[in-house]
Amino acid sequence: DVYKRQIQMSESCVPLEPGQNAWYVEPPFDLLANHFPCSIETVSAKRVALLFTAHDMTPPELHGREMIVPTHSYGTRFCLRFDRQTTGDDLADDSLELFVRDLLESRSRHGEIYTYAGSQLIALNLFTNPSCFDAQSMRRYLGEDKQREDNPPHLYGVLNDMVNSLKRDDKSQMLVLESNGPGTGISFSLNQSLEFFQMALPSEAHFSDRITTALYILHTFTNAKMSRNDDSCRCLLYTSPSPRDS
């Protein structure tokens, strides 16, 4: 029976099967979007039926209704509600923290490292080599006609918004990269940001290469060896490129 068999989203994902608790996320996809608890009623290779029951978080018009969503929209239109991870996990069922934890975990198990939260971008370091950083990916996000919702969440989407605001308003823009500790990928994100600016803004030849080399020298004196890597930066980096008309 196609509705009873488990659908494996990927090798690292939890299989989907009827009866699992889930979250439904209203479009457009965002960590701050409206979200409602539900359960998986049926599963097929292309579609998942979500069942809404009476709950304080759910609008009355959805009580007892089913909603069909594409199976491939796992991590954007819906995600699983995971069990408590520790005995001290006392998050309320309707807490935003619980929804954020479940959504980020669902996306990370599907290999997705970026998630929008309003104007901010949440990044997870899965300690793997991401394949979404290349010239082709840059061109996918770069352009005055590109909107953030046109593509999946990505650092390039935030950077393109900055470039467009700089050109439109002629005002300085600031990008703050903040982490919860060393070894989380801040230096990597900074280098990728400089590469994007190199393509998006007119600059002198090898502009990005010179800054990247300078950062490498700084890292030589400020990095520390950690359990997961040996290049964890222990200093505050401040880069201030000043693009100008060519």
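Is Asp102 buried or exposed, and what is its relative accessible area? Here are a few notes to help you find your way around this predicted model.

1. Let's start with that residue. Asp102 has a relative accessible area of 1%, so it counts as buried. Its side chain meets that of Arg101 in a salt bridge, at 2.9 Å from N to O. Arg101 is buried as well, at 18%.

2. The structure holds five salt bridges, and another of them joins Arg109 and Glu105, at 2.4 Å from N to O. Both residues belong to helix H1 (residues 96–109); they are four residues apart, which means that about one helical turn separates them. Glu105 is buried, with a relative accessible area of 16%, whereas Arg109 is partly exposed at 28%.

3. Have a look at Arg168 and Asp169 too. Their salt bridge has its closest N and O atoms 3.4 Å apart. Arg168 is exposed, at 58% relative accessibility, while Asp169 is partly exposed, at 37%.

4. Now for the empty spaces. One cavity of 30 Å³ or more is present, and the largest cavity holds about 40 Å³ of space. Its lining includes Tyr141, Lys146, Arg148 and Asp161. Helix H3 (residues 155–169) contributes the most to this lining, with three residues. By class, the lining has four polar, three charged and one nonpolar residue.

5. The second largest pocket offers about 350 Å³ of space. It is lined by 17 residues, and those closest to its centre are Phe29, Glu149, Asn151, Pro152 and Pro153. The lining divides into six nonpolar, six polar and five charged residues. Asn151 also appears in the lining of the largest cavity.

Technical notes
Residues numbered from 1 in each chain as written. Predicted model: local features only at pLDDT ≥ 70, side-chain atom pairs only at ≥ 80, totals over all residues. Heavy atoms only, no water. 1 Å grid on protein atoms, 1.4 Å probe; cavity = no way out; pocket = protein on both sides within 12 Å on 5 of 7 lines; lining within 4 Å. Points joined across faces, edges and corners; volume = space filled by probe spheres on them. Nonpolar A, V, L, I, M, F, W, Y, C, P; charged D, E, K, R; others polar. Helix = DSSP H or I, 4+ residues; strand = E, 2+ residues; numbered from the N terminus. Salt bridge = Lys/Arg side-chain N within 4 Å of Asp/Glu carboxyl O. Buried < 20%, exposed > 50% of the residue type's maximum accessible area, 1.4 Å probe, protein only.
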